[in-house]
Every structure is written in C-alpha cells, then in structure tokens.
2 protein chains.
Amino acid sequence: MASIKDVAREAGVSEATVSRALSGNGHVSAATRRRVAEAAQMLGYVASSSASSLASGRTRNVGIVVPFLDRWYFSAVIEGAQQELMRHGYDLTLYNLGQDPASRRSVFEQFLLRQRVDAVIAVALELTDQEVQSLHALHKPLVGVGGPLEGVRTLSIDNQVVAGLTTGHLVALGHTRIAYLGGSLEDDGAFGLNLSRRLGFTHAMEAAGLHAPTRYYRAADYTIDTGYSAAKQLLGDPAGRPTAIVAGSDEMAIGAVLAARDLGMVVPRDVSITGIDDHELAAFFGLTTVAQFPRGQGRLAVRLLMEDLHPGEQEDELPGHGLPVELIVRGSTARPPQD
Amino acid sequence: MASIKDVAREAGVSEATVSRALSGNGHVSAATRRRVAEAAQMLGYVASSSASSLASGRTRNVGIVVPFLDRWYFSAVIEGAQQELMRHGYDLTLYNLGQDPASRRSVFEQFLLRQRVDAVIAVALELTDQEVQSLHALHKPLVGVGGPLEGVRTLSIDNQVVAGLTTGHLVALGHTRIAYLGGSLEDDGAFGLNLSRRLGFTHAMEAAGLHAPTRYYRAADYTIDTGYSAAKQLLGDPAGRPTAIVAGSDEMAIGAVLAARDLGMVVPRDVSITGIDDHELAAFFGLTTVAQFPRGQGRLAVRLLMEDLHPGEQEDELPGHGLPVELIVRGSTARPPQD
DNA sequence: GTGAAAGCGCTAACAA
DNA sequence: TTGTTAGCGCTTTCAC
C-alpha cells in the first residue's frame with residue numbers, strides 16, 4: 001500500500017503538500033496539485049482512513065441506526081442515504097438494533113462511542129430516554145427520519161395529512177360508508193403513527209359530514225397477513241359492509257384487496273381500497289395510495305448532516321418539515337356501487 | 001471523551017496495561033484487570049477506533065458489497081452478517097453498487113481502498129474481471145455469498161438440487177404436465193443461476209421419464225409482475241395447459257398464483273405451483289417452496305471471515321459448500337386434477 | 001505556496 | 001505481570 005510519503009517523494013514535494021493537494025484544504029499551486037495527483041494516481045494511493053481520522057478528528061463515515069432491515073421502508077431509506085453519502089465521499093456504517101436487548105444496548109454503549117462516525121441518522125426509532133441521551137452525548141450531528149425523537153431534528157411526513165388525502169379521495173368519489181384499517185392504538189409506540197393516521201381519517205370524514213361506526217375501525221399490524229384477516233371481518237357480512245376501506249399502509253391494503261377477492265368481491269366495483277406508502281408492490285396490485293419517498297428522505301437526511309459537517313458548502317436550501325407526498329390514483333378505487 | 005491516558009491515571013497503571021487489560025491481548029493480573037475495567041467504566045471510556053486501527057492495523061470493521069438493498073434476499077443476508085459481526089465486536093460498512101457506473105467504480109477504486117475494513121463480503125455480485133482484481137488486490141479475507149466469484153470462496157446453495165426438489169415433489173404427487181417459469185437464459189449474468197435452476201428442473205423431469213415441451217418453458221425476471229404475465233400465457237389456453245408450474249423464485253410463483261386466480265382457477269385444485277426461497281410472503285400465499293436461509297448465509301460468511309481474522313478461535317467447524325435447504329410443503333401443491 | 005515538526009490515541013516490541 | 005518507547009500515517013499549526 002503506497003503511503004503519503006511515497007507520493008511526496010514521487011512528486012518531489014513534502015507530505016504536507018500532498019495532504020493539502022489531495023484534500024483540497026489549504027492553498028496549493030495548480031502545477032503542484034497536478035503533479036501530486038498524477039503521482040497518487042500512478043501509485044494507486046488512497047489515504048488511510050484511520051490515519052486521517054486520527055489526525056483530523058473526522059472519519060468521513062456516518063452511522064445509520066435502524067430497528068429492522070428487511071422492510072421496504074428501511075432499506076429504501078438506507079439506499080437513499082448511502083447514495084448521497086457516497087457522493088460526498090462518506091462511508092455508511094450500519095447499526096441494526098434487532099430484537100435482542102443485549103445487542104441493542106451494545107450499539108449505544110459501545111459501537112457508537114468508538115469514534116467511528118461523524119454523524120448519526122436514526123430511522124423510525126423508538127428509543128428510551130436513556131438511549132436518546134446516549135445519542136446526544138455523542139455531540140455529533142444527528143437527524144431522525146420517520147419519527148420524532150426527543151430534541152432531534154426529524155424528517156417526517158405529516159401522517160394526518162396523508163390519511164386525509166386518501167379519505168378525501170374516496171369521499172370525493174361519493175363513498176359514505178368508509179372503514180379504517182390501521183395500526184392498533186394500544187401499542188402505538190411508533191410516535192403516534194397509528195394515532196395520526198387514524199385521526200387524519202376521522203377528521204377528513206367529519207369534514208365531509210360523515211361518521212364511521214366503531215365496527216368500521218379495525219386494527220392490524222402493517223402486514224399483508226393481518227390486513228387480510230381484518231378486512232375479512234370487515235367485508236364478511238354483506239349487510240352494512242363498507243364500500244371503501246382506508247388502510248394505514250400498503251401492506252394492509254394489499255391484504256384487504258386479497259381478502260375482498262377471496263370473498264368473491266371485485267375491486268373496485270364492490271369495494272374501493274387505498275393504502276399509504278407506494279410500496280414496491282402497490283403498482284402491481286393497482287393500489288391507489290399516497291406515495292412517500294423514503295429514498296428521498298434518506299438523501300435529505302444526509303444533506304442536512306452535510307450542512308452541519310461542512311457549513312457553507314450546501315448547494316441549495318433544504319426543505320423543512322413538510323416532506324413531499326403524492327396521492328397516486330390507480331385502479332383500486334372507483335365510485336361506490338349504485339344500489 | 002476520556003482517553004486511554006485518563007484510564008491509566010485513574011487505575012494507576014500504564015497505558016500499555018490498560019490496552020492489554022481491555023483488549024485481552026497479553027497477560028494482566030486479575031486484580032489489575034478489574035481495576036482498569038472499573039476505571040474505564042467510570043470514565044465511560046471506549047477506545048477510539050481510528051487510533052486503535054492505525055496502531056494495530058486492524059479496523060474491527062467489515063465491508064459488505066451488494067448490488068441492491070431493497071430486495072428481501074439482500075437485506076436478509078446483511079441482517080445475518082450484521083448480527084454475527086456485532087457478536088464479535090465488529091462494525092459493518094455498507095457498499096451498494098447501485099446502477100450508476102461512476103459510483104460503482106468509486107467503490108472499487110476509492111472506498112474499499114481506504115483501509116477501513118479488515119475483510120469483505122460480496123453478495124451475489126456480478127463483477128468484471130477488473131473488479132475482481134481490485135477485490136483481490138486488497139489482500140484481505142474475502143467471501144462471496146450467493147454467487148461464485150473468480151477465485152473467491154463462495155457460499156451458495158446448489159441451485160440445481162433446489163429446483164430438482166420442487167420438481168420431484170410435483171412428480172411424486174402424480175403431475176406429468178409440468179411447466180417451468182424462470183429467469184431468461186439470454187441474460188443469465190447471475191452466475192448461471194437461471195441455467196442451474198432450469199437444468200435442475202429438466203433433469204428431474206428426465207429422471208421421471210417426463211418431458212416438457214418448449215412452450216412450457218417461460219421466462220420472467222424474478223418479479224411478481226413478470227411471473228404473473230408469464231403464467232397467464234402458460235395457463236390461458238385451457239387445452240394442453242400444465243397441471244403444475246415450477247417457478248424459479250417465490251416472487252414469480254406468487255405472480256403465477258395470482259394469475260391462476262384471475263383466470264378463475266383454484267390453486268392447488270386446478271394447478272399446483274412451487275417457488276424457491278421461502279420469501280417473507282411465501283407463507284401468506286401458502287406457497288410450497290424450498291427455503292434457503294439468507295440470514296444464516298450472512299452469519300456463516302462472517303464466521304468464515306472470523307476464522308481468517310482470528311485463527312484458532314472458531315467455536316466449531318463450519319460447513320462447506322452445501323448450504324442447507326429445505327423443501328417446505330404448503331397449500332399450493334396437490335395431486336393433479338383427475339379428468 | 002510550501003516545508004518542518006508536533007501530535008492525534010492507541011498498540012506492540014522490548015526490557016525489566 | 002508491567003512499564004518504556006517507538007511508531008502507525010496522516011493533518012495542521014507555524015515558519016518561511
């Protein structure tokens with residue numbers, strides 16, 4: 001492995017100059033810069049990140065903490081963050097909390113403290129006060145994605161608005177008997193996510209002068225599976241069943257679509273169904289939904305961090321809290337059956 | 001941030017002793033070790049990874065290179081690897097090749113060369129010769145998961161065997177008109193994955209004295225979407241249609257299940273369908289499939305690396321090439337219709 | 001614009 | 001078993 005010393009010798013300059021020329025910090029004449037660049041290229045020199053980190057105190061690495069990996073939303077956020085980090089020459093180190101409490105603890109008490117990262121992105125995390133403390137104690141730039149953390153800047157869509165959008169769409173189509181399929185309020189650890197979406201539904205209904213009876217509210221836990229079961233309950237009894245279902249996520253909506261089909265119903269002729277997310281499967285199932293853009297959220301989180309890490313280099317001002325969302329109308333919604 | 005010097009002072013020993021006590025390298029008396037541990041605990045000391053890396057040449061970090069993130073298989077492998085790495089006190093840095101050629105190049109020419117990782121895991125990568133060269137040029141332990149790389153140890157299931165398993169299952173049920181739905185042979189970049197699975201099917205058929213006509217071979221590209229279309233073609237014509245479909249992946253199989261339903265067929269009464277993977281959705285669709293265990297593959301990859309990185313510490317011998325697979329029989333397969 | 005030199009915080013000989 | 005010492009390879013003052 002060629003070292004900075006080799007490059008210096010090859011280019012006929014001091015190590016300090018090589019460092020300056022390659023990093024862009026400090027003034028170097030154009031000619032020297034070129035000579036150094038050529039020497040580095042020739043020798044295949046790439047600065048050792050540990051030496052550089054130790055000397056400068058910057059690691060060019062960002063940590064991302066997630067509660068799961070194998071869900072569409074999380075991997076999309078990670079992908080977006082990674083892409084943007086790479087553009088800035090940063091690496092991404094992954095901390096997955098998982099379900100094991102011991103490993104969870106060690107993330108906060110060991111891994112994040114090793115001075116390996118310059119900043120941290122926390123994705124949709126539900127943390128104890130102490131864990132939030134640990135994050136703040138790092139004294140490093142910190143940004144949350146997808147869920148508010150005590151005293152942490154967070155990128156989050158307005159869940160109430162989002163649920164209102166799909167509900168409003170159905171109301172506009174003429175539906176009056178609309179049911180809501182969402183996360184349970186009992187274990188709404190996820191930052192009031194369940195509550196916000198449900199409130200968005202209820203408010204949009206009220207705004208239209210409508211009211212959903214209690215039995216039209218069904219709980220499921222964001223999987224196709226539980227969405228399927230809940231929807232079967234909802235649609236099983238032909239008398240007084242809803243003509244539309246607002247689901248709190250695409251997975252639950254897909255479950256509802258499949259449940260309707262299994263009951264011999266045709267979507268959207270017999271029942272309209274909406275989701276939230278624009279999940280990768282949403283298009284296949286022709287689901288009307290509200291897209292949020294997790295990849296963009298990951299990218300944006302990185303941009304915010306870069307603003308802290310390299311002040312004055314931002315290319316453009318960044319949007320604040322209201323992240324973009326978009327109602328995507330597909331084939332799963334239509335006017336209610338005329339009976 | 002407390003440094004090793006602070007701990008040394010607090011514990012009344014030299015820095016070297018602190019290092020030895022905390023890292024476990026070198027002999028330290030039990031009493032000293034305890035004192036050092038207490039001092040470290042008290043001061044909240046965690047060794048700086050860059051300083052430690054620079055001095056020791058070891059980073060306690062492993063790089064994982066993947067072509068995508070947002071697919072079930074990859075995130076599962078990553079999750080498994082991450083878990084196991086954490087057990088060993090290692091971090092995981094993520095390199096996603098993505099579709100942009102420039103970023104792809106910089107992974108091999110910049111990022112991996114920064115001495116940030118002790119070893120590399122390459123997941124289902126299709127690399128150019130030059131890229132493989134770059135990996136070898138790192139002179140670091142290297143292991144592939146899910147696809148052979150020139151001169152790299154690789155963990156891979158036997159795709160031919162796997163396809164043979166599902167085919168054999170259908171044959172045993174009495175099916176004779178069996179179709180194959182798999183990746184196209186034209187762009188079989190994925191290490192002959194498409195070819196191997198198809199061969200597994202063909203051989204199992206031959207072994208049973210059966211033969212599938214050319215029109216029973218249909219190409220799709222591992223998505224629900226394309227599986228759906230291909231299956232519709234296969235099942236659309238009631239005359240001479242197959243009684244069973246062997247799909248080369250669960251996604252394609254799920255597409256086939258949905259296509260059959262849309263054609264008014266009942267699975268498995270009218271047609272049996274099998275997949276490969278045991279994807280997270282397989283259980284919901286009642287899919288008979290062959291499970292491979294990507295999480296376990298990620299874990300195993302790490303174990304192999306740890307054997308190189310810390311020789312003589314392995315807890316148990318590791319299995320070699322034949323990774324475990326298991327035929328999972330669910331409701332999507334049954335005896336063929338009696339006509 | 002460039003060089004000399006100190007030092008980032010740790011580990012690993014080597015001595016004792 | 002423990003301490004002393006010399007780096008690891010870079011960055012960053014401070015001179016010039």
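In which loop of chain A does Arg60(A) lie?

Solution. The model is a predicted one, in which local features need pLDDT of at least 70 and side-chain atom pairs count only at pLDDT 80 or more, whereas totals for chains, interfaces and linings use all residues. Residues are numbered from 1 along each chain as its sequence is written, while chains are lettered from A and ligands numbered from 1 in the order in which they are written. Helices (H or I, at least four residues) and strands (E, at least two) are DSSP runs, numbered from the N terminus. On this numbering, Arg60(A) belongs to the loop between α4 and β1 (61-66) of chain A. Its phi is positive, about 55°, although Arg60(A) is not a glycine. Most residues other than glycine have a negative phi, and most peptide bonds are trans.

**Exercise on peptide bonds**

Determine whether the bond from Val267(A) to Pro268(A) is cis or trans, and place the proline in its loop.

Solution. The bond from Val267(A) to Pro268(A) is cis, with omega near 10°. Pro268(A) sits in the loop between α11 (250-262) and β9 of chain A. In chain B, the bond from Val267(B) to Pro268(B) is likewise cis, with omega near 5°, and Pro268(B) is found in the loop between α11 (250-262) and β9 (272-274) of chain B.

**Exercise on the two protein chains**

Establish how chain B is related to chain A, and describe the side of chain B that touches chain A.

Solution. Begin with the superposition, made by least squares on the C-alpha atoms of residues with pLDDT of at least 70 in both copies. A turn of 180° and a shift of 0.0 Å along the axis lay chain B on chain A with an RMSD of 0.1 Å. The two copies are therefore related as by a two-fold rotation axis.

Next, consider the contact, for which two residues count if their C-beta atoms, placed from the backbone, lie within 7 Å. Chain B contributes 39 residues and chain A contributes 39 residues. On the side of chain B, two or more residues come from each of α4 (49-56), α5 (72-87), β2 (91-96), α6 (101-109) and α10 (224-236). The largest share, eight residues, is that of α5(B).

Classify these residues with Ala, Val, Leu, Ile, Met, Phe, Trp, Tyr, Cys and Pro as nonpolar, Asp, Glu, Lys and Arg as charged, and the others, Gly among them, as polar. The side of chain B that touches chain A then holds 16 nonpolar, 15 polar and eight charged residues. Finally, 100% of the interface residues of chain B are also interface residues in chain A, so the copies meet through the same surface.

**Exercise on the DNA strands**

Which residues are closest to DNA strand C, and which to DNA strand D?

Solution. A residue is near a strand if its C-beta atom, placed from the backbone, lies within 6 Å of it. For DNA strand C, 27 residues qualify, the closest being His27(A), Ile4(B), Ala16(B), Ser19(B) and Ala55(B). The element that gives the most to this surface is α4(B), with five residues. The residues near DNA strand C comprise eleven nonpolar, 13 polar and three charged.

DNA strand D is surrounded by 26 residues, of which Ile4(A), Ala16(A), Ser19(A), Ala55(A) and His27(B) are closest. Here α2 and α4 of chain A, together with α2 and α4 of chain B, each give two or more residues. The residues near DNA strand D are divided into eleven nonpolar, 13 polar and two charged.

**Exercise on a helix pair**

At roughly what angle do the axes of α2(B) and α3(B) cross?

Solution. Axes are lines fitted to C-alpha atoms, for helices over the stretch in contact, and angles run from 0 to 180 degrees between N-to-C directions. The axes of α2(B) and α3 (residues 30-43) of chain B come within 9 Å and cross at roughly 90°. Angles under 35 degrees count as roughly parallel, over 145 as roughly antiparallel, 65 to 115 as roughly perpendicular and the rest as oblique. Hence α2(B) is roughly perpendicular to α3(B). Thr17(B), Val18(B), Ala21(B) and Leu22(B) of α2(B) meet Thr32(B), Arg33(B), Val36(B), Ala37(B) and Ala40(B) of α3(B). This contact consists of six nonpolar, two polar and one charged residue.

**Exercise on the sheet of chain B**

Give the strand order of the four-stranded open sheet of chain B.

Solution. Two strands pair if DSSP finds at least two bridges between them. The order is β7-β6-β8-β9 (chain B), with parallel pairing. The edge strands, each pairing on one side only, are β7 (217-219) and β9 of chain B. Strands β6 (residues 178-182) and β8 (residues 244-247) of chain B run parallel and are joined by four bridges; the bridge partner of Ile178(B) in β8(B) is Ala244(B). Helix α9 (residues 193-207) of chain B packs on the sheet, touching β6 and β8 of chain B, and its direction makes about 170° with that of β6(B).
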